[in-house]
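Please open the structure in your viewer and keep the sequence beside it, so that each selection can be followed step by step.

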Amino acid sequence: MPDIATDRTSGPLAPADLFRHATRLLLDKDMDGWVALCAEDVLVELPFAPDGYPTKLEGRPALAAYVSDYTEHIDLRDIPHLKVHLTDAPDTVIAEMRATGRLVATGEPYDMSYVVVMTAEQGRITRYRDYWNPLAVPASMSAAKTSPTAS
C-alpha cells in the first residue's frame, strides 16, 4: 500500500490538493488507492444515507468494505464541477462537486451533486463527511446495488 500522498518537493499534500487527488482516483476507478489515502482510523460520515445504508464508517477496513463494489454499480465518468473551499481550520476543506456517469446494472445516467467536508492530517484523510441527496438517486439504484454486473 502506498505511503501518504505527497508532493515530491514539499511533503504531504495540503488538504485541498489531497481532495483533488482523491477525486482523480475515483475517476480512475482506483478504489484501493482512494482508501489508501485515508488514515487507519478514518471516520466517514454519510448523514443523509437512505435506509439500509450506513451513516457512519469507522476505520479503513470498514471504508474499504463499503466501497469495494462501487465500480460494479456506478460507472463514474466525469466530475464536471469541483470547487474546493479553504476554511479557517487549515486541516479542513469543503468541496462542492457534481459527478456524472451511469448505473452499471441499468445503463441509466448517474448525476449527483455533493458537498463534502474533509479533514486531513499529514497527507491522510482523517474525517470525510459526505452530504449527498439520496432523493436524487434514480429509483433503479436499488436494482443497481442488488443486480448482477452488467456490461
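Strands, like helices, are DSSP runs numbered from the N terminus, and a strand has at least two residues. Please keep in mind that the model is predicted.

Begin by selecting residues 92–103, which are strand β6, together with residues 109–121, which are strand β7; these two pair in the antiparallel sense over 11 bridges. To see one of these bridges, pick Met97, whose partner in β7 is Tyr114. Then follow the chain through the turn, since β6 and β7 form a hairpin with five residues between them, and stop at Gly107, which has a positive phi of about 80°.

Next, add residues 124–132, which are strand β8 and run antiparallel to β7, with eight bridges joining the two. Ala120 is a good residue to select here, as its bridge partner in β8 is Ile125. The hairpin of β7 and β8 has two residues between the strands, and in this hairpin Gln122 takes a positive phi near 50°.

Now turn to the aromatic rings, for the structure holds three aromatic pairs. Select Trp34 and Tyr128: their ring centres are 5.3 Å apart and their planes stand at 85°, so the pair is edge-to-face, given that planes over 60 degrees apart count as such. This pair links distant parts of the chain, with Trp34 in helix α2 (residues 31–36) and Tyr128 in strand β8, 94 residues apart. Are Trp34 and Tyr128 buried or exposed? Both Trp34 and Tyr128 are buried.

Finally, add Phe19 to the selection, where Phe19, Trp34 and Tyr128 form one aromatic cluster.

Note on methods: Residues are numbered from 1 along each chain as its sequence is written. This is a predicted model: local features need pLDDT of at least 70, side-chain atom pairs count only at pLDDT 80 or more; totals for chains, interfaces and linings use all residues. Side-chain values use heavy atoms; hydrogens and water are left out. Two strands pair if DSSP finds at least two bridges between them. Helices (H or I, at least four residues) and strands (E, at least two) are DSSP runs, numbered from the N terminus. Rings of Phe, Tyr and Trp (its six-membered ring) pair if their centres lie within 6.5 Å; planes under 30 degrees apart count as stacked, over 60 as edge-to-face and the rest as tilted. Buried means under 20% relative accessible area, exposed over 50%, partly exposed in between (1.4 Å probe, protein chains only).
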